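Please open the model in your viewer and keep the selection tool at hand, since this tour moves from one selection to the next.

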Amino acid sequence: MSTPDIRVEKGHAGPEEVAAITAILLARAAAQPSAEASAHRGRARAGWRRLEREPGFRAPHSWR
């Protein structure tokens with residue numbers, strides 16, 4: 001017996017509801033990313049600092 005690819009965890013979904021959510025998921029998976037989304041992928045610099053660039057002293061009451 002094969003297991004289904006999509007399972008309803010809570011409630012009772014009918015076949016039409018499962019088919020609708022499957023169609024939405026397949027359409028999103030097949031969609032091509034837009035040029036605007038691929039041009040703006042994230043930050044140019046990292047949001048964290050390297051340890052060797054940190055000052056050597058930290059106050060004793062510092063949360064770090």
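A surface patch here is built from residues with over 30% relative accessible area and no salt bridge, like charges being joined within 9 Å and nonpolar side chains (Val, Leu, Ile, Met, Phe, Trp, Tyr) within 5 Å. A salt bridge is a side-chain nitrogen of Lys or Arg within 4 Å of a carboxyl oxygen of Asp or Glu. The model is predicted, with local features needing pLDDT of at least 70 and side-chain atom pairs pLDDT 80 or more, whereas totals for chains, interfaces and linings use all residues. Residues are numbered from 1 along each chain, and side-chain values use heavy atoms, without hydrogens and water.

Select Ile-6, Ile-21, Ile-24 and Leu-25, which make a nonpolar surface patch of about 340 Å² (areas by the Shrake-Rupley method, 1.4 Å probe, with only the protein chains shown counting as cover for residues).

Next, keep Ile-24 alone: it counts as partly exposed because its relative accessibility is 49% (buried is under 20%, exposed over 50%, partly exposed in between, with a 1.4 Å probe and protein chains only).

Finally, select Arg-7, which is exposed at 63% relative accessible area, and add Val-18, 11 residues away along the chain, to find their C-alpha atoms separated by 8.8 Å. Zooming out, 3% of the 64 residues of the protein count as buried.
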